[in-house]
Amino acid sequence: MSMALLILILLVGGLLAWRSEKAQANLPRWVALATVVISLAFLLATLPQEHTGNWLQHMKLDWMPRFGIAFELAMDGVSLLLLVLTLLLGLVAIASSWSEIDFKPGLFHANLLWTLAGVCGVFLAVDLFLFFLFWEVMLIPMYLLIAIWGHENKTYAAMKFFIFTQASGLLMLLAIVVLAWQGMAINGQLSFSYSDLLGLELDPRLGWWTMLGFFLAFTVKLPAFPFHTWLPDAHTQAPTAGSVLLAGILLKTGAYGLLRFCIPLFPQASMEFAPVAMALGVAGVLYGAVLAFAQSDFKRLVAYSSVSHMGFVLLGLYAWNQLALQGAVMQMVAHGVSTAALFMLAGALQHRLHTRDMGRMGGLWHQAPRMGACAMFFAVASLGLPGLGNFVAEILVLLGLFAVQPAFTAVAALGLITAAVYSLRMLQQAFQGVPDKQRSMPDFDAREMLAMGAMMAALLWLGLYPQPVLDLARPVLEGLQTLVPPGDTVAAQAGGAAIVLGAGL
Amino acid sequence: MNVNHFHALLPLLVLATGIVVLMLQIAWKRNIGLSAALAALTLALAALSCRFAVEVAPLQVTPLLQADRFALLFCTLFCLAGAATALLSRDYIVMRGDQPGEFFLLLLLATMGACVLAYAVHLASLLLGLELLSVSLYTLIAYPNKTVLPLEAAAKYLVLSGAASATALFGFALLYAATGTLEFATLGQKLGVTDTPQSMLLPAAAMIFTGLAFKLSLVPFHLWTADVYDGAPAPVTGFLASVAKGAVFVVLLRLFLDADLFRYRILVEVTGLLAILSMLGGNLLALLQTNIKRMLAYSSIAHLGYLMIIFMVCITSADKALAVEAAIYYLIAYTATTVAAFGLLTLISADQAERENIQLQQVSGLFWRQPLPACLMLVALLSLAGIPLTAGFIAKFYLVNAAVSGHNWVLLAALVVGSSIAIYYYLRVIYYMTRRPEEHPVVQETISGWRGRILSGVLIGSILLLGVAPQSLMHYLRAILH
Amino acid sequence: MGGLQIPMEHVLTLAGLLFSCGLLGLMLRRNIIFMLMSLEVMLNAAALAFVAAGAKWGQADGQIIFLLILSVAAAEVAVGLGLVLQIQRRFKTLDMDQARRLRG
Amino acid sequence: MASIWLIPFFPLASAVLLLLSTGRMPRQFAALLGAGSVGLAAVCVALLARAFLADQEVREVTLWTWMTVGNFTPRIAFYIDGLTVVMMSVITGVGFLIHLYSIEFMWEDESICRYFAYMNLFVAAMLLLVMADNLLLLYLGWEGVGLCSYLLVGFWYRDPNNGKAARKAFVVTRIGDTAMALGLMLLFTELGTLDIQPLLAAANSQWQTGDTLPILATALLLGGAVGKSAQLPLHTWLPDAMAGPTPVSALIHAATMVTAGVYLIARTFGLFLLAPPTQEAVAWIGLLTLLLAAFAALAQHDIKRILAYSTISQIGYMFLALGVSAFASGIFHLVTHAFFKALLFLAAGTVIHCLHHEHNIFRMGGLRTRLPVVFWSFLIGSAALAALPFTSGFYSKDAILLSAWEVPGIGPWLWAGGLLGALLTGIYSFRLVFIVFFGEAHHEPERQPGWKMALPLVLLCALALAGGLLVLPLAGVFPHTGHHQPNHLVEYISIGTPLLGLLIAYLLFLGRQVSIDTLVESPGGSALRDFWLGGWRIDPLYDALWVRPYTALAHWWRKEPLDGVYNGVVTVVQWAHHKLIATQTGELRWYATTMVFGLVLLVAIMLRNAA
């Protein structure tokens, strides 16, 4: 029940934040802050120490017996990890928009909290119907965040974001229903429960198409090449908190979906599809990096870097061995933190300079050394400097991938170089060079430094002692590996990759 | 005819009584408030009476009417939608014309026509119900508003709808000529037994179908829809889009079920074809509309297209009951949503004597000025778009389940494509409503008092309830079909 | 059932022809009054077909339906003529091609 | 000695403190902390070295397990053997001297805090690099020093050129690093571990000499080494990296970081022995690089660029040594090179410091009497660089050339090439001395170096002279290669060549017996000079090959070409909308007509189906 309560706390907190605006304009911020802190404390306080069955926590309430739909939530290591990340980044998001939002702060924070609630739901739901419900519901507050509090081109961005995710979501709905009816044909009972649908002996052709429905929805959200084009627009136009949430956690729902649903539900089809997925991952890594290099808009650059980094997640998931899977989970967490920080930085810059164009920045280090130092830290984090979380993630992914697809690994490793190129260019354009004498801007204040410091500490911790995270995720990922039919590995499919690619071209 | 028969027809009797009372009231003293209250009360009572009529169901009352739970469910639905329309239109009507109390009389008549259609198991009752509904609607469209547009809309609707009725009637005549019966059930038996001439049956089917498809505004019989919706007064449009279409769909479904027309594969395939055309055409037509009423009109074409899927499902799926369940659920959700959407337009147009606030520009920033009505629209649009937590989502989920169980992949593909297109135009309205005050010209509207607010609350509540806790309704639907 | 029996098919063909005339009128005439008349023709074609069919099966049903159609047609025309009056007043014409403000 | 972790900890802690102070620390305190922490580390290293020399025992310290994923269990652990001790001594010893020097050099800079923070961070990372017991931790240090190099090259960030040089340094080395990372992956995938000693053991037991896998693995590692040590073809970053403060060049781009590649190969020599083709490639790369860089050094006129090319060239010697399995000689040259090149850079820095940031040697001159300490330092340094007899450079370079000579087959060629390099080294190093310190003065020095600058110079002079007498404790690390067969002719030639170089330099630049100007002004001469001045035009080549295509591609894709696809869909949908909307004419008759058409269509479908 505590999981349902967690979601409820966030929902009610959102309502309170909305209404509290009437009392005092500054109150919603505090309400939102308190809500997230309370839910975080609640989450950690109600954490069981041991697994019950496959799950750390599990609850099930009957909902729509007509379709075998239940209100079923469950938590394992990966979901716990992502929940904590979600709530922590929620705090960052609130901190980053503390002084930015003047228009209807109540509704703004309500939407923020509702997005968090939706994301928490996504990470907890193990009934496919319920999952889809949260999946869609989290979009609406996010859409409103972009559409109401966004920047100059927000309509286009918000619309694009919503249509991309919604259209792919429809495909997933279709796939979910098809899967449930396959389950009906096999088990004789209609059910949307994850546990009932695991391990079905699906008709290969149908399984393939159904898998594709899931895959599309998740890779649009991830986002993987070539479905990523909504991301730069959405990120650029979203308010800072929106970007932080979007990059930090919403993208992770895509990766989580692949990990939790797409691969375990369709091991055979995923296995066959792995080469294509990995090819998309490699393409995303490089394409994102090239386009990040080409941008002059600070936020756009970071957005494309996300595309590049999430390519590693895709690679890690479909390389499908312990190392790569751990790397993918690690990347989810580390990228969440580092990109959130970069977006917070971008938001702070925009708030101070009223531009995101790096051509109009330059020499900011002189005026704001603390910002410069933070930018430096997170830029090198995103280029994968050892000792920081992103490195652990990327090296694990690449190590795992190397065992199955050395050629892909070599190409993907080029991403390490290109990441350096765009990260350093960003630093150069914004913070180095000749400072503009006319310009004066305040450096980060204590509140912002607190948030930044926390994220730096998190990345260092992830980079130097990632074991707690790895241990949390391990049982889940080991479970995933047992799904591989014996004697059948991704490596065995590697030959198929060339054929598939050839046919694709 | 014994007491039970009257018992079974309770809703119709209540409506008829109400009509008489209302007529007397208008003759006695014109008072629009009183008329509206009487109409709403009658409709509410009629809806309530269905609850009692169920006790004797199923019961065939004369060859014409079948009082079963299916019919009574839709009676309840139509009466509730009618009641909502009555409440919504009160202030709207007050502002227009000189105390046209007859508006509510006509509304009652039209609702009664819809209820008769829900009961109908005979071509005669079908004819009577359909014409009662249609003729009342012609008048409703043109009556309260003395401007040009409603007139044009009424004229178009009258001519085209009349032609459609005539076509359907001709088809029935041919059917009658071929089989010698007017009852749905015996029709089914006769079709099965007698060696009926195909040359007569097939054109008959085509003509009946044309007539009804017109009323459902399926592509390619849809051209009238936007014009009539646009010209008609907003509350009437809501009624037209929800109750009128719902009633025709119900009778079509009953005809197919009772006469077992599903055995004619070509007929069902035609429904599938029209479904696909409507899903795509309706959504494409709605895409760039800046007039919300027209947009909703086109979207209603698409929604009926979604609904038409279930005929194909009935012949392909092992679970025919699921398809019918899905159709009923969809109709209920769609009715609630449509009433809500047009309800908002009615509310914000109430004090505009000459025109209506139906352009996108006119709802700009509504969210900040009128939060509750804007929420009503928001919920309605999300429901139309099929976003979870709303009735529309469960309805679509039902449909998808049904279609998947029948492996109707082409129809599903059209549904997905259509729904994807639809997101854009629904979202656009939401976007306009949430525009910041500094981003749009000053728009003013006043929302009428407590009635609108209460009704908004009720509608929001019911749409969300249908979306979040649909299990009891699902259970009920399952019960009446088994 | 003695006397001269007209085959039903002939009557139905006549009804069909009448119906087509109505449809053609609907498509070709601009004047709303003529359109209403065409509508009447179509309805009456249907009614005729019912009568013929009723005769074939020796039932009263066809004629009952005929009566119903008559009353329906009357109601429609009553409403229609009311509209015609209003149209003449507001549009100053009965040419329906002029009444096309609702479109797009 | 469990407190070995303190050695990198001191500079690391100091760096963190300095960074956290965000520039608000008083400069005295910053300097004390910055230099003091490295000094403390140096003391610890000295203690460690003494202990090590006493017992010759390999020390292993595990701090914690970095991560455990399946059988991938890299630890944060140190492995201290003779090689490590040597490297640590150089890093902390030379490092401390350079830090001391920096106090005076950087005193007037507003960002001295940041400077010491980066320098300390660098020392910490470099220490981690050499102390690491596994390749992943080594990689951490490897990237860490790369980052510090980037930060320090671009230290004066206001000049965009510095930033450009810094990025170039980072990205070019990153190319090598990526190859190295791939090498790590290959090694782990094949051998199941990245701990260096078990890895070498496993490689020995699993692989035969000349197998493809060790060749591939070592080639990838070589990629990393080549990038970091500025060897062909990834050497182009080092001359540009001179944009940083001169002590940085001394520490990072001469004494320590750039020799990390040499360390890497020496550390994993067991692998290279399994891959003769790679090892031969190492030798050839070394040789080519040393010649190419020496020629380029001849034509430079920026004092630091000359030294930079000479660094590249000297590291070429080290690679040559590694390539001919003279690992100990290579490391020996690394050590002596650290002494004399640090000396040269610091001396050059002093010149620059005293001449108010003048870099062009032709605008110097006659400084012999004006800056005597610097002159003597420079002279000693150049002597060692040119390997004049009895300087430290002489011993180490001589050992390398002798080892090269003894390689069967290609040996004489390598030897001859090395000799040509030695000749060139003599020429360019004394060209520098003669032009800067002799002749007529163009500038009066603005100031004289203080003790903090002079002391390190003096100490380094001593090391550069006497360093050749050191006996490095490498016996337990590398296989014993046997004694050199004394071949006196070869030895004499080796001794004579640098002297010949000195003579040529004298004739050309001091005595003016042969006019260098006429040589240079001849068409061929000037073309050649420009060619060498531009570093063999490799930068423009890479520009055309990689940089411009990449930027062009990026520019071409800037507006997201994929959006075109999605916009295409949108266009089609909108087109359909407009076509359909056009049917909504509002004409009643048209509506009726479509209805009839629809009816006809349905009837047709029905009848067609029946027929």
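Me: What helices and strands does chain D have, and what makes a stretch count as one?

Reply: Chain D holds 26 helices and two strands. They are DSSP runs numbered from the N terminus: H or I over at least four residues for a helix, E over at least two for a strand. Do keep in mind that this is a predicted model, where local features need pLDDT of at least 70, side-chain atom pairs count only at pLDDT 80 or more, and totals for chains, interfaces and linings use all residues. Residues are numbered from 1 along each chain as its sequence is written, chains are lettered from A and ligands numbered from 1 in the order in which they are written, and side-chain values use heavy atoms, with hydrogens and water left out.

Me: How do you know what confidence the predictor has in chain D?

Reply: From pLDDT, the predictor's confidence in each residue from 0 to 100. Chain D averages 87, and 99% of its residues score at least 70. Among its elements, helix α22 (residues 516-521) has the lowest mean, 76, and helix α25 (residues 562-581) the highest, 92. For the complex, the predictor gives an ipTM of 0.90 and a pTM of 0.91.

Me: Why are α18(D) and α19(D) called roughly antiparallel?

Reply: Helix α18 (residues 392-406) of chain D packs against helix α19 (residues 411-437) of chain D at about 155 degrees, with axes 7 Å apart. Angles run from 0 to 180 degrees between N-to-C directions, with axes fitted to C-alpha atoms over the stretch in contact. Over 145 degrees counts as roughly antiparallel, so the pair earns that name.

Me: Which residues make this contact?

Reply: With contact meaning heavy atoms within 4.5 Å, K397(D), L401(D), A404(D) and W405(D) of α18(D) meet residues of α19(D) including W415(D), L419(D) and T425(D). The contact residues divide into eight nonpolar, three polar (Gly counts here) and one charged (the charged class being Asp, Glu, Lys and Arg).

Me: How do you know what span to expect for α21(D)?

Reply: The expected span is 1.5 Å times one less than the number of residues. Helix α21 (residues 488-510) of chain D has 23 residues and reaches 32 Å from first to last C-alpha, close to the expected 33 Å.

Me: What makes residues of α21(D) buried, and which are they?

Reply: Buried means under 20% relative accessible area, using a 1.4 Å probe and protein chains only. Those in α21(D) include V490(D), T497(D), L508(D) and F509(D). The buried residues of α21(D) pack against α18, α19 and α22 of chain D. Of the 611 residues of chain D, 62% count as buried.

Methods. Angles under 35 degrees count as roughly parallel, over 145 as roughly antiparallel, 65 to 115 as roughly perpendicular and the rest as oblique. Buried means under 20% relative accessible area, exposed over 50%, partly exposed in between (1.4 Å probe, protein chains only).
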